[in-house]
Amino acid sequence: MSDSVAFEAVDPHLRGRFGKPYRFEPECESTQLLLLGSGLPEGAVAVADHQTAGRGRLGRNWAAPSATSVLVSVMLHPPAEQHLPELSLVAALATAEAVEGATGLTAQIKWPNDVMLNRRKVAGILSEVSDGAVVVGIGVNVNQTREQLPLDAPTPAASLLTLTGSAHDRAAFLGSLLFRLERIYDGWRHGGLADLYGELGARDFLRGRRITVDGEAATALQILRDGRLEVETEDGEVRAIESGEVRFER
Ligand code: BTN
C-alpha cells in the first residue's frame, strides 16, 4: 500500500469537483491557514502529513504523528442565507460515511462535530469563516497506534487501525471523503439539513445519553432539523442549544 497523500497518490481517487486545486505540504502549521483568506474556489483543498500547530475546536490543539492521519481543509462558498453552523454536521456526516466505507462498522456523530466509532472519537471537524467563505477542516485518526493517540482527550480517542486491526490507505480514504463531502454538501445547498436529516438522525450518538453542556447536567434528546441539540435539563426544562462543550457519561 502506498502511504502518501501527495497529489499523485490521491489524484486517481478524486471523482468530483472537490480536491481541485490540491495543495499538499509534508509539514505546515495548520492546513486551515493555507486556505483561510486565500480566495481559492470552492472545492480547493489543503492536505498535510504533519501540522506543527493543528487547530481543534474551542481553542484546543489537534496533534498526530507525521503521516498517520488524514489532515485536510476544504474551501466552501455556501450561499449567504444558509445557516453556516450546519456545515460542521454536513462534514461530520460525510466523514462518518467515509469511515463506514473504510471499516464496515457503523459510525456515529457526536453533536456538533465529532465522529465516533465504538464510543471513541476517530475524527473531528473545525469550521472557520473568513470573508463569507468557510474553511472546513477535518482530522481523521487513520493509522495511529494506541500509543500514538492522545491519552488526555476529553472524549476517548481511537483510530481506524486500533479499531479494525489493519492499516488503511490514506489516499483512497481521502478520495472517498472528498467525494462524499461534495455529494452531501450539494444536497445541503439545495435542501438544507432537512434533506440529510434521516442519515444524521440515524447516527445521533448523544440521543438519550446523560451529558453535561458547558458543565450543566442534562439529557440529550436529539439533533433537531435545524442542527441544534435538544436537551432536557435536570429541572425538566427542554431547550435547544446552538454550540457548546458537550461531555457524556461513559
Ligand atoms: C476538533 O475535534 O476539535 C476539530 C479538529 C479539527 C482538526 C483538523 S486537521 C485538518 C484541519 N487543520 C487544522 O489545523 N485543524 C483541522
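**Figure 1. Residues around the ligand in the predicted model**. The ligand is surrounded by 21 residues in this predicted structure. Those that come nearest are Ser30, Gln51, Arg55, Arg57 and Lys121. By residue class, the shell around the ligand divides into 6 nonpolar, 11 polar and 4 charged residues.

**Figure 2. Polar contacts of the ligand with Thr31, Arg55 and Arg57**. A side-chain N or O atom of Thr31 is placed 3.0 Å from a nitrogen atom of the ligand. Arg55 takes part through its backbone, with an N or O atom 2.6 Å from a ligand oxygen atom. For Arg57, a polar backbone atom is likewise 2.6 Å from an oxygen atom of the ligand. On its own, the ligand has 420 Å² of accessible area, and the protein covers 97% of this area.

**Figure 3. The ligand pocket and the secondary-structure elements that contribute to the shell**. The ligand takes up the space of the largest pocket. At least two residues of the shell around the ligand are supplied by each of helix 2 (31-35), strand 3 (70-76), strand 6 (120-130) and strand 7 (133-140). Strand 6 provides the largest share of this shell, with 4 residues.

**Figure 4. The cis peptide bond between Lys20 and Pro21**. Omega is near -5° for the bond that runs from Lys20 to Pro21. Pro21 is situated in the loop that connects helix 1 (7-10) with strand 1 (22-28). As background to this view, most peptide bonds are trans.

**Figure 5. The cis peptide bond between Trp111 and Pro112**. Trp111 and Pro112 are joined by a cis peptide bond, for which omega is about 0°. The loop that holds Pro112 lies between strand 4 (108-110) and strand 5 (114-117).

**Figure 6. The positive phi of Leu58**. Leu58, a residue other than glycine, has a positive phi, with a value near 55°. In general, most residues other than glycine have a negative phi. Leu58 belongs to the loop between strand 2 (45-51) and strand 3.

**Figure 7. The chain as the setting of the preceding views**. The chain contains 6 helices and 12 strands. Its radius of gyration is 17 Å, close to the 18 Å that the globule rule gives for 250 residues, and the chain is therefore as compact as a globular protein of that length. Along the principal axes, the C-alpha atoms fill a box of roughly 55 × 45 × 30 Å.

How values were computed. Residues numbered from 1 in each chain as written. Predicted model: local features only at pLDDT ≥ 70, side-chain atom pairs only at ≥ 80, totals over all residues. Heavy atoms only, no water. Near = heavy atom within 4 Å. Polar contact = N/O pair within 3.5 Å; in protein donor to acceptor, adjacent residues only side chain to side chain. Areas by Shrake-Rupley, 256 points an atom, 1.4 Å probe, with all protein chains shown as cover. 1 Å grid on protein atoms, 1.4 Å probe; cavity = no way out; pocket = protein on both sides within 12 Å on 5 of 7 lines; lining within 4 Å. Sits in = over half its atoms within 2 Å of the grid points. Nonpolar A, V, L, I, M, F, W, Y, C, P; charged D, E, K, R; others polar. Rg over C-alpha atoms; globule rule 2.2 N^0.38 Å.
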